[in-house]
Amino acid sequence: MSLVGGMAAAVMLAGAAPVSAAEDEANVRPVTIQLAAAESMDEEANDAIEPLNRFFFFFNEAFYTLLLRPMSELYAALIPPPGREAIGNALDNVNSPVVLANDLLQGEWNRAWETTERVAVNSTLGLGGLFDVAKSWLGVEGHDEDFGQTLAVWGVGEGFYLVLPFYGPSSPRDGVGKLFVDSYLDPLGMWLDNSNRDGEAWLRKGLTAVDEYSGVMSELDQIKKTSVDYYAAIRSMARQKRASEIRNGKEGKLPPIPDLSEEEDLAASQTATRPQ
């Protein structure tokens, strides 16, 4: 995962879903209920280094407020929703090799084939991934995988809760994937780095961060307003959402959590529960 892209992705582990400004008022009560449920469920916070985590959490918040939020607001103001959707589709498409590699490492052969179908169809008929033809025409949904999830599938525990500078909510297990492994599964990123195309690499990282963050600003604001302890709310929702991701969307007894992903719920297509 890229540095700037990781910043936004980590913030969005809070699980916020993109909403329009007109929907903010209607969503306040559901978000409040979800937060209350999430906070009540997080009886074991697994936060052994909470003072240090809180420091980095609010450091990250300051960074997002000063830099990422203004850029995201400008991005949302200048580019209409269809354009932002196309950019998001293209960014997801170039990240497909990372998803495919982790599908294979997890032994998820059906999901690996779906990822292969999606990148083949969207890269051609979808004009380089700008249009999600695989979903709209063929009904093949996208999904996310990373090396942290792969380690979880193979029985590696999450360890303690960890807030990484810029990246946000994580764990030692997930940090290994974010910082050391997934970047080596990304052919485009490797090519840009090895060919000294630093400008293009940073453009991709920055665009990924801005595109992702612009889609969740409104709900993150609601979470901040409706939670007694914003840090604790994000911690609870992040850990529960991560457990759901590892189970390929099968939430089990988890409360409903705002989902930042643009994909549909994958639970209906998954019958096996995967270990956390």
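A salt bridge is a side-chain nitrogen of Lys or Arg within 4 Å of a carboxyl oxygen of Asp or Glu. With that in hand, welcome to a set of close-up views of this predicted model.

**Figure 1. The whole protein is built from 13 helices and two strands.** Start here to get your bearings before moving in. The protein has 276 residues, and 47% of them count as buried. Take the contacts between residues at least 6 apart in sequence: 75% of these join residues at least 24 apart. The structure also holds 17 salt bridges, and some of them appear in the next views.

**Figure 2. Asp47 and Arg235 form a salt bridge.** Look for the closest N and O atoms of this pair, which are 2.9 Å apart. Asp47 sits in the loop between helix H2 (24-41) and H3, while Arg235 belongs to helix H13. The two residues are 188 residues apart, and their pairing links distant parts of the chain. Asp47 counts as buried because its relative accessibility is 13%, and a residue is called buried under 20%. Arg235 also counts as buried, because its relative accessibility is 9%. As a general point, side chains of opposite charge can pair when their charged atoms come close.

**Figure 3. A salt bridge joins the side chains of Lys224 and Glu61.** The N to O distance here is 3.4 Å. Lys224 is part of helix H12 and Glu61 is part of helix H3, so this pair ties together parts that are 163 residues apart in sequence. How exposed or buried are the two partners? Lys224 counts as partly exposed, at 40% relative accessibility, whereas Glu61 counts as buried, at 12%. Both residues are also touched by Tyr230, which returns in the next view.

**Figure 4. The largest nonpolar core contains 20 residues.** Which members touch the most other members? They are Phe57, Leu68, Tyr213, Leu220, Ile223 and Tyr230. Five helices each give two or more residues to this core: H3 (50-78), H4 (81-94), H11 (198-214), H12 (217-226) and H13 (230-246). Of these, H13 gives the most, with five residues. Now find Tyr230: leaving aside residues up to four places away in sequence, Tyr230 touches Phe57, Glu61, Leu220, Ile223 and Lys224. In soluble globular proteins, nonpolar side chains tend to be buried together.

**Figure 5. Glu141 pairs with Lys135 in a salt bridge, and a network of other charged residues can be found too.** For Glu141 and Lys135, the closest N and O atoms are 3.9 Å apart. Glu141 is partly exposed, with a relative accessible area of 24%, and Lys135 is partly exposed as well, with 28%. The network is made by salt bridges that share partners, and its members are Asp146, Arg173, Asp174, Lys241, Arg242 and Glu245.

**Figure 6. Helices H10 and H11 pack with their axes 8 Å apart.** H10 covers residues 187-194, and the angle between the two helices is about 145°. The crossing of H10 past H11 is left-handed. Leu188, Gly189, Leu192 and Asp193 make the contact from the H10 side, and Glu200, Ala201 and Arg204 make it from the H11 side. H11 itself has 17 residues and reaches 24 Å from its first C-alpha to its last, close to the 24 Å expected at 1.5 Å a residue. Among the buried residues of H11 are Ala201, Arg204, Val210 and Tyr213. Follow the chain into the loop between H10 and H11 to find Asn196. Asn196 has a positive phi of about 60°, although it is not a glycine, and its relative accessible area of 63% makes it exposed.

**Figure 7. Thr116 lies in helix H6, and Leu127 in the loop between H6 and H7.** H6 spans residues 109-124, and Thr116 counts as partly exposed at 30% relative accessibility. Which distance separates the C-alpha atoms of Thr116 and Leu100? They are 7.1 Å apart, although the two residues are 16 residues apart along the chain. Leu127 has a phi near 55°, a positive value in a residue other than glycine. The helix on the other side of this loop, H7, covers residues 133-136. Leu127 counts as exposed because its relative accessibility is 55%, and the cut-off for exposed is over 50%.

Definitions and conventions: Residues are numbered from 1 along each chain as its sequence is written. This is a predicted model: local features need pLDDT of at least 70, side-chain atom pairs count only at pLDDT 80 or more; totals for chains, interfaces and linings use all residues. Side-chain values use heavy atoms; hydrogens and water are left out. A nonpolar core is a set of buried Ala, Val, Leu, Ile, Met, Phe, Trp, Tyr and Cys residues joined through side-chain atoms within 4.5 Å. Buried means under 20% relative accessible area, exposed over 50%, partly exposed in between (1.4 Å probe, protein chains only). Helices (H or I, at least four residues) and strands (E, at least two) are DSSP runs, numbered from the N terminus. Contact means heavy atoms within 4.5 Å. The expected span of a helix is 1.5 Å times one less than its number of residues. Axes are lines fitted to C-alpha atoms, for helices over the stretch in contact, and angles run from 0 to 180 degrees between N-to-C directions. A crossing is left-handed if the near helix is turned anticlockwise from the far one by less than a right angle, and right-handed if clockwise.
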